[in-house]
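This briefing looks at aromatic rings, the charges that sit over them, and a nonpolar patch on the surface. Please keep the sequence and the structure at hand while reading.

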Amino acid sequence: MWERFSFYGMQGILLLYLFYPADQGGLGIPKDTAAGIVGAYGGAVYLSTILGAWLADRILGSERVLFFSAILIMFGHIALALLPGGLGVAVGLVTIAIGSGGLKANATSIVGTLYSADDPRRDAGFSLFYLGINLGAFVGPLLTGLAQTTLGFHYGFGLAAIGMAAGLIQYSVGRRHLPKAASIVPNPLPASHRTRAVVVAVVAVVIVAIAVATGILNVGNLVTVVIGLTLIAAIAYFAVILRSKLITKTERSRVFAFIPLFIASVAFWSLYQQQFTVVTLYADSQLNRDLFGWQMPVSWVQSINPIFIIILSGVFAAIWTKLGSRQPATPLKFAGGTIVMGVAFLLFLPFAGGGANSTPLLALVGILFVFTIAELLISPVGLSISTKLAPAIYRTQMVALFFLSIALGTAISGQLAALYNPANQAPYFGVLGGIAIVIGLLLAFSTPLVRRLMAGVR
């Protein structure tokens, strides 16, 4: 909860900080470049789950990686709060991205240790975990947005740092109650290989530093680079797992079953994550944010979705528990989520081309309600299915693969945002919504084949 408070609290004001002019406390970066930075940062967060998962599976175990990652996140928020201009953005976002990557994959993996693979409460348990996440996601943008509008952006970032510190204190007190499985290193790295791992890490850092210093990597192409790296990483990950001699034939079949789910997830997140790019731009320029004569902060829009998550998570958990073995198979849930997300984009069409304050707040609330329905069909279910389809020795890294689908979708959302034209919105929302619906329908029709590959896992 506290980590999500800091993460979404910061992200709720990040785009505004990047493109608002200096006289409003921002950096004055062009909107399309700013949206690309936000998309690249979001993609880098999920791309970093590879590193976090590898450290957990090979060296430290999930529990310790999660703890150290949380410390790194806190320092990232402090950098955003205290360091000026572009320096604070660079140091803060890189640090938070790496820390969040380590935390995300391992928090999910730790929750997975609380339930056996065939426990019917497993999906419901992940939905409750998702409820805790969204309590933080709801409160974060409200408080950081209020701090930003009354005191300034850096106070909002500072509040995010305080939230992360509170989370660290709480976790430090409670971590001893976790099961021993949370601290196990499932596939320890031989001591003879550790030097090579250190050398690879150092070389990677040097290459990135040289690319930045020479201008090869810059804010203009950052999102494209993140998309390319994420796509390469995903393909490589699937190849390594599928070619491994340490997994059984059944485990390999289940990994193949994960591929169409991965593709549908990318399509979903490339639209859903535009809450932090296109929807923010839309709310800033077109949404009527007047509440009884008071202008609501733009960042408060980011708290609408978590409200619905909080309300509906328990409902969905109860539905899945009540249905038990009669609930829809995971591929159908993914297909439904992708289709509903496409419909959500089509719901923008009646308001396309409107002027300032032309879209009623209630209309956007309704659209984000549809966003939430789609999310609950994919996100908690995806976390759960990634642990159920995972080969025994790749437990955390299969969770990282699911997060790679989010990384790719998030980075694509930043790239797509550059195509958004407030003066010609209908093609943007119509085409993207239609593509998502088609992908969802294709997955629905292929569900029987995917279920056979899942080899008994629902």
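Rings of Phe, Tyr and Trp, the last taken by its six-membered ring, count as a pair if their centres lie within 6.5 Å. In this structure, which is a predicted model, there are 30 aromatic pairs.

**The pair of Y20 and F153**
- The ring centres of Y20 and F153 are 6.0 Å apart and the planes stand at 75°, so this pair is classed as edge-to-face, a term that applies to planes over 60 degrees apart.
- Distant parts of the chain are linked by this pair, since Y20 belongs to the loop between α1 (2-19) and α2 (31-47) while F153 belongs to helix α7 (residues 153-174), with their positions 133 residues apart.
- Y20 counts as buried because its relative accessibility is 12%, and F153 is likewise buried, with a relative accessible area of 4%.

**An aromatic cluster**
- One aromatic cluster is formed by F268, W269, Y272, Y282, F345, F348, F371, Y420, Y428 and F429.

**Charges over rings**
- R4 places its charged end over the ring of F7, at 4.0 Å from the ring's centre.
- The face of F67 is covered by R175, which lies 4.1 Å from the ring centre.

**A nonpolar surface patch**
- L51, L72, V94 and I98 together make a nonpolar patch of about 320 Å² on the surface.
- Of these residues, L72 is located in helix α4 (residues 62-82), and L72 is partly exposed, given its relative accessible area of 32%.

Key: Residues are numbered from 1 along each chain as its sequence is written. This is a predicted model: local features need pLDDT of at least 70, side-chain atom pairs count only at pLDDT 80 or more; totals for chains, interfaces and linings use all residues. Side-chain values use heavy atoms; hydrogens and water are left out. Helices (H or I, at least four residues) and strands (E, at least two) are DSSP runs, numbered from the N terminus. Buried means under 20% relative accessible area, exposed over 50%, partly exposed in between (1.4 Å probe, protein chains only). A charge sits over a ring if NZ of Lys or CZ of Arg is within 6 Å of the ring centre and within 35 degrees of the ring normal. Patches are made of residues with over 30% relative accessible area and no salt bridge: like charges are joined within 9 Å, nonpolar side chains (Val, Leu, Ile, Met, Phe, Trp, Tyr) within 5 Å. Accessible areas come from the Shrake-Rupley method with a 1.4 Å probe; for residues, only the protein chains shown count as cover. A salt bridge is a side-chain nitrogen of Lys or Arg within 4 Å of a carboxyl oxygen of Asp or Glu.
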